[in-house]
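Please walk me through this fold, one piece at a time. Keep to the local geometry and to how the elements pair and pack.

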Amino acid sequence: MRTLIKGGQVIDPGRMNTIADVLIEDGKIQAIDVNLQGTLQDPESVTIIDAQGFIVCPGFIDLHVHFREPGFEYKETIATGVASAVAGGFTTVCCMPNTSPVNDSQSITEFIFRQAKIADKARVFPIGAITKGSKGEELAEIGELHDAGCVAISDDGIPVMNTLVMRRAMEYARTFDLPVIDHCEDMHLSAGGSMNEGFVSTELGIPGIPNAAEEVMVARNIFLAELTQSRLHLPHVSTIGSIRLLRDAKERGLLVTAEACPHHFTLTDEAVRSFDTHAKMNPPLRTDADVQAIKEALKDGSIDIIATDHAPHAMHEKQRQFDNAPFGIIGLETALPLTLNLVEEGVLTMEQAVAKLTCEPARVFKLSYGTLAVGADADVTLFDPKKSWTLDPNRLHSKSRNTPFTGWTMKGKVVKTFVGGRVVYEAE
Ligand SMILES: [Zn+2]
């Protein structure tokens, strides 16, 4: 089985950015060169894909998704989750453990791998829980989770409030070289809040969550990462203050990495004025100053990667009063165009944007994907950077429809997604 992707702009960040042909053979990248087609032996046996005008890059990697299986299959299953992933250009996703039961054991991790194998689209790597049942009290069997194939540990959705428990988790994770991801939120400080605390929350009379609720936990976790010399990954960074702390930690050489979500660099708390519960996420949409700080941090590398925090919820759950609706939105199928907006605005170059979705996340979790190196697994995404489309939630592949971007004009669309050399998604 050979496939030639012909004449696209091949972007393999840090390695290549040029018009070339990509030859895939037996699931691996076989060769990349200018006008490779002319040199092919036995050309009749090669499937040729015309990629002129498209970008050809490593398949995207999302280190932060919530596939709701086991337990909440009405929101999303692993099968619908990976269908959404490949439609968004993602070939590898890492799923958070806040399922029911929580992924705090080898048996749940193995179940996730099995379901992903049956679904047979994107690669799925589970993230194990830090504490049993994510209750924040007793450490999960971290060694067992690591042996079963978990690529990181987190109690995401909720923070580990007990600092001693967090210290022990980091010490333990370090022996397995596992990154620790803490959902940074001081639960006492955020209690009762549904949106960012500021002018808008005051005007609307909705209880707010101050920036400090995130920042005090970011600071705590950085101090603990220093104490334990362990790998800390900060998810969904949303405030100026967090970025200040992150810069300082990186300057001091700590093993700290961070992600930003597309909604946090696209929307502000002004989006809540309509009382649209699709503008309710945790951490909440912040102010314009925070958005600008996130963009600068993406540009200068203080924020390493873009991750979606894809968080499906059923319609009936989101159609509640703002205070009672669950936090979170889906994001896998809107991440590319929202990231490309940063290129359009001049915040990132196209190569930087691709890097934030490919080789950078691979580096953060030490995954062997996110590259078009010869011999690598042929996980490849083809996208049309100029294609405009209107977001109709009914046409998304996720089981849920909770997006704040309904009706938006999106620019940039995935054309084809390959995993291990096989086409797993094709645009209509
Ligand atoms: Zn979180």
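Start with helices α12 and α13. Helix α12 covers residues 335–344 and helix α13 covers residues 350–357; their axes come within 9 Å and cross at roughly 150 degrees. An angle over 145 degrees counts as roughly antiparallel. That makes α12 roughly antiparallel to α13. Their crossing is right-handed. Which residues make the contact? On the α12 side they are Thr-339, Leu-340 and Val-343. Met-350, Ala-353 and Leu-357 meet them from α13. As with everything here, this is read from a predicted model.

Turn now to the sheet. Strands of a sheet pair through backbone hydrogen bonds, either parallel or antiparallel. Here the pairing is parallel, in an open sheet of 3 strands with the order β6-β7-β8. Which strands stand at the edges? They are β6 and β8. Each has a single partner strand, so one side of each is left without a neighbour in the sheet. On average, neighbouring strands of this sheet are turned by 20 degrees against each other, direction ignored.

Look at β7, residues 90–95. Is this strand enclosed or open to the outside? Of its 6 residues, 6 are buried, so β7 is largely enclosed by the rest of the structure. The cut-off behind that word is a relative accessible area under 20%.

Take the β6 side of β7. Strand β6 spans residues 60–65, and 4 bridges join it to β7 in a parallel run. Two pairs help you set the register. Phe-60 stands opposite Phe-90 in β7. Val-65 stands opposite Cys-95 in β7. To get from β6 to β7, the chain passes through helix α1, residues 78–87, and this β-α-β crossover is right-handed. The loop between β6 and α1 holds Pro-70. What is the geometry of the peptide bond from Glu-69 to Pro-70? This bond is cis, with omega near 5 degrees.

Now the β8 side. Strand β8 runs over residues 123–126 and pairs with β7 in the parallel sense, over 4 bridges. For the register, find Thr-92, which stands opposite Arg-123 in β8. Between β7 and β8 the chain goes through helix α2, residues 106–119, and this β-α-β crossover is right-handed. Pro-101 sits in the loop between β7 and α2. A cis peptide bond joins Ser-100 to Pro-101, with omega about 0 degrees.

Two aspartates deserve a stop for their backbone angles. Asp-177 has phi near 55 degrees, a positive value in a residue other than glycine. Its place is the loop between α4 (163–175) and β10 (180–181). How does Asp-177 count by accessibility? Its relative accessibility is 37%, so Asp-177 counts as partly exposed.

Asp-309 is the other stop. Its phi is positive too, about 55 degrees, although Asp-309 is not a glycine. Look for it in the loop between β15 (305–306) and α11 (315–318). Asp-309 has 10% relative accessibility and therefore counts as buried.

To close, return to the sheet and trace the path once more. The chain leaves β6, crosses through α1 and enters β7 with a right-handed crossover. From β7 it crosses through α2 to β8, with a right-handed crossover. Strand β7 pairs with β6 over 4 bridges and with β8 over 4 bridges.

Terms used
Residues numbered from 1 in each chain as written. Predicted model: local features only at pLDDT ≥ 70, side-chain atom pairs only at ≥ 80, totals over all residues. Heavy atoms only, no water. Buried < 20%, exposed > 50% of the residue type's maximum accessible area, 1.4 Å probe, protein only. Helix = DSSP H or I, 4+ residues; strand = E, 2+ residues; numbered from the N terminus. Pairing = 2+ DSSP bridges. Right-handed = clockwise from strand over helix to strand, strands pointing away. Axes fitted to C-alpha atoms, helices over the stretch in contact; angles between N-to-C directions. Parallel < 35°, antiparallel > 145°, perpendicular 65-115°, else oblique. Left-handed = near helix turned anticlockwise from the far one by under 90°. Contact = heavy atoms within 4.5 Å.
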